[in-house]
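Here is a friendly walk through a model, meant to be read with the structure open beside you. Take your time with each stop and turn the view as you go.

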Amino acid sequence: MSLIRVEDLGIRYGARSVLSHVSLSVERGEIVTIVGPNGSGKTSLLRAIIGAVKPATGRVLHAPGVRLGYVPQRLHVDPTLPITVARFLRLPGNISPAAIAAALTQAGVPDLGAAQMSQLSGGQFQRVLLARALVGKPDILLLDEATQGLDQPGSAAFYRQIEAVRRDTGCAVLMISHELHVVMSASDRVICLNGHVCCEGTPDIVASAPEYRALFGTGTGGALALYRHDHDHDHDHAHGQEQVHAVGQSEAAE
Amino acid sequence: MLDDFMVRAALAGIGVALAAAPLGCFVVWRRMAYFGDATAHAAILGVALSLALSMSIFAGALVVALLMALIVNSLSGRGYAMDTLLGVLAHSALAFGLVAVSFLSGIRIDLMAYLFGDILAVSRLDLAMIWGGAAVVVALIAWRWSALLTATLNEDLAYASGIDPRREQLGLTLALAITVAVAIKVVGVLLIAAMLIIPAAAARPLARTPEGMAAVAAMIGSISAGIGLRAAYVFDTPAGPSIVCVAALIFAMTSVMRGVRHVR
């Protein structure tokens with residue numbers, strides 16, 4: 001069965017409905033990306049999947065014994081709380097030092113074990129969060145705009161790391177991102193969300209869907225719909241190409 | 001040995017310090033310092049009620065502190081900022097408590113003893129209560145330590161690991177109520193929050209891990225109790241406030257140490 005299945009999910013905060021009639025599923029080993037404008041309910045959907053929000057309608061089903069690895073959008077470590085990276089990774093309990101070292105290596109920060117959490121840079125912090133999600137050997141990684149606050153090369157490198165993790169461990173990935181051009185090229189499937197599922201499918205299909213174009217434009221709006229690097233419109237190409245090259249996807253994108 | 005009132009006082013102080021240390025760390029990390037105050041102030045109402053109903057002061061204080069904690073827990077996140085809510089509840093509870101005490105004309109009670117504690121009058125029974133309560137608090141926190149720490153860092157991270165942050169918060173609240181109830185005799189209602197926060201804050205610059213901070217806080221709390229009692233005896237000062245003064249001086253020392261380390 002699917003790792004995660006969402007059936008006819010609706011979420012309301014008070015009288016305000018943020019999601020309605022959302023159904024989706026994630027299979028073993030696939031990378032699924034959720035895109036959508038601000039306030040489209042992306043984060044609420046992810047929080048419902050991890051159990052932090054109670055659905056108003058519908059339900060969320062996890063495969064029996066499925067292990068979730070959640071990477072939050074942001075995590076604030078209060079400066080009054082002293083905690084090393086290694087201790088942070090050991091939080092779920094019964095994690096061996098070898099497993100911690102392996103997770104840190106997998107996340108691309110092998111030498112940070114002894115560092116204080118409050119002294120990490122933005123990029124290091126996100127990778128440590130990724131390591132924390134990996135240390136429990138998850139069947140599925142859930143990422144909520146995990147590259148927020150990283151610069152372009154930094155987030156491109158982060159997504160390459162995610163792909164490498166999927167390749168090495170075979171875990172599925174369900175992620176939210178606003179960096180469409182990077183993320184869509186790396187996804188098996190894209191779900192476009194705006195209070196409901198507008199459209200879904202392979203990146204190709206979604207990028208050409210009228211619902212998607214209505215939300216993000218055809219590219220004239222700037223870098224938002226850069227997945228297809230069209231040359232039939234005028235915007236700042238230097239910037240766009242740099243971004244595409246940064247992830248080594250220039251052939252595919254051209 | 002327990003015949004000596006100074007020995008009983010020292011043991012009472014150390015008992016409270018041991019319970020307050022790990023709990024105080026969470027109070028500091030979660031920024032709930034005022035929560036401790038609110039629970040403690042409510043305890044005065046509990047003292048008044050238990051005198052009126054002639055039941056044990058420990059039980060009365062525990063029940064009201066617990067009620068207060070539960071009210072705050074359930075009201076939080078419903079339109080009022082936390083500090084406003086706590087301000088309303090803490091001071092109302094204290095005011096109602098003081099008014100309630102004034103109705104007890106039949107018995108003359110020494111209000112000062114409850115506001116500032118009366119550690120030198122700790123009996124064997126009190127001592128048993130304090131150490132029993134402290135043991136429950138330490139056991140509760142040790143049992144939930146990882147879950148509490150995860151929930152403190154990030155609620156969504158806790159949910160994803162199958163931890164319910166609201167349940168963990170309830171456990172913390174319960175521990176806080178017990179600590180307040182046992183500490184009334186030792187430092188009094190007005191200074192309980194000091195025993196929670198000051199040793200934990202003083203331990204911060206000396207610690208690299210959460211467990212280290214709790215351990216150092218327990219040490220600082222115990223040392224404060226010992227030196228404070230001795231100072232109270234020598235200088236004939238009130239015992240509870242003297243203990244808090246020593247803790248405050250240790251806080252000043254570790255803060256300066258951290259400052260010096262930063263300058264280098």
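## A residue to start with

His21(A) sits in strand β2 (residues 16-26) of chain A. This is a predicted model, so please read every value here as computed from predicted coordinates. The phi of His21(A) is positive, about 50 degrees, although the residue is not a glycine. Most residues other than glycine have a negative phi. Is His21(A) buried or partly exposed? His21(A) is partly exposed, because 13 other C-beta atoms lie within 10 Å, and a residue needs 20 or more to count as buried.

Chain B offers another non-glycine residue with a positive phi: Asp236(B), at about 55 degrees. Asp236(B) belongs to the loop between α10 (210-235) and α11 (239-263) of chain B. With 7 other C-beta atoms within 10 Å, Asp236(B) is exposed.

## Chain A and its domains

Chain A holds 10 helices and nine strands. Of its 254 residues, 42% are buried. If you take the contacts in chain A between residues at least 6 apart in sequence, 65% of them join residues at least 24 apart.

The domain assignment of chain A gives domain 1 (4-67 + 138-253) and domain 2 (74-137). Where they touch, domain 1 of chain A contributes 12 residues and domain 2 of chain A contributes 11 residues. Which helix gives the largest share of the domain 1 side? That is helix α5 (residues 152-169) of chain A, with four residues. By type, the domain 1 side that touches domain 2 of chain A has six nonpolar residues, five polar and one charged.

## Around strand β8 of chain A

Two residues make a nice pair to look at here. Ser187(A) lies in the loop between α6 (180-186) and β8 of chain A, while Arg189(A) is placed in strand β8 (residues 189-193) of chain A. Ser187(A) counts as buried because it has 25 C-beta neighbours inside 10 Å. Arg189(A) has 19 other C-beta atoms within 10 Å and so is partly exposed; the cut-off for buried is 20 or more.

Leaving out residues up to four places away in sequence, Ser187(A) touches Ile31(A), Val32(A), Thr33(A) and Pro203(A). On the same basis, Arg189(A) touches Glu30(A), Val32(A), Glu200(A), Gly201(A) and Thr202(A). Val32(A) is thus named among the contacts of Ser187(A) and of Arg189(A).

Two C-alpha separations help to place this pair. Ser187(A) and Ile34(A) are 153 residues apart along the chain, and their C-alpha atoms are separated by 9.8 Å. Arg189(A) and Gly51(A) are 138 residues apart in sequence and 23 Å apart in space, C-alpha to C-alpha.

## Two kinked helices in chain B

Now move to chain B, where two helices can be set side by side.

| Helix | Residues | End-to-end C-alpha distance | Expected span |
|---|---|---|---|
| α8(B) (165-187) | 23 residues | 31 Å | 33 Å |
| α6(B) (124-153) | 30 residues | 40 Å | 44 Å |

For α8(B), the expected span at 1.5 Å a residue agrees with the distance between its ends. There is nevertheless a kink of about 30 degrees in α8(B), centred on Ala181(B). In α6(B), the kink is about 70 degrees and is centred on Trp145(B).

How many residues of α8(B) are buried? The number is 17 of the 23, so α8(B) is largely enclosed by the rest of the structure. After α8(B) comes Gly188(B), with a positive phi near 85 degrees.

## The core and the chain contact

The largest nonpolar core has 173 residues, and Val16(B), Ala43(B) and Ala65(B) touch the most other members. Helix α1 (residues 5-29) of chain B gives the most to this core, with 15 residues. Domain 1 and domain 2 of chain A each supply at least three residues to this core. Not counting residues up to four places away in sequence, the contacts of Val16(B) include Ile130(B), Ala134(B), Val182(B) and Met195(B).

Finally, look at where the chains meet: 19 residues from chain A and 20 residues from chain B take part. On the chain A side, α1 (42-50) and β5 (68-71) each supply at least two residues. That side divides into 12 nonpolar, four polar and three charged residues.

Conventions
Residues are numbered from 1 along each chain as its sequence is written. Chains are lettered from A and ligands numbered from 1 in the order in which they are written. This is a predicted model: local features need pLDDT of at least 70, side-chain atom pairs count only at pLDDT 80 or more; totals for chains, interfaces and linings use all residues. The expected span of a helix is 1.5 Å times one less than its number of residues. The bend at a residue is the angle between axes fitted to the seven residues ending there and the seven starting there. A residue is buried if 20 or more other C-beta atoms lie within 10 Å of its own, exposed if 12 or fewer, and partly exposed in between; C-beta atoms are placed from the backbone. Domain bounds come from an automatic or database domain assignment. Two residues are in contact if their C-beta atoms, placed from the backbone, lie within 7 Å. Ala, Val, Leu, Ile, Met, Phe, Trp, Tyr, Cys and Pro count as nonpolar, Asp, Glu, Lys and Arg as charged, and the others, Gly among them, as polar. A nonpolar core is a set of buried Ala, Val, Leu, Ile, Met, Phe, Trp, Tyr and Cys residues joined through C-beta atoms within 7 Å.
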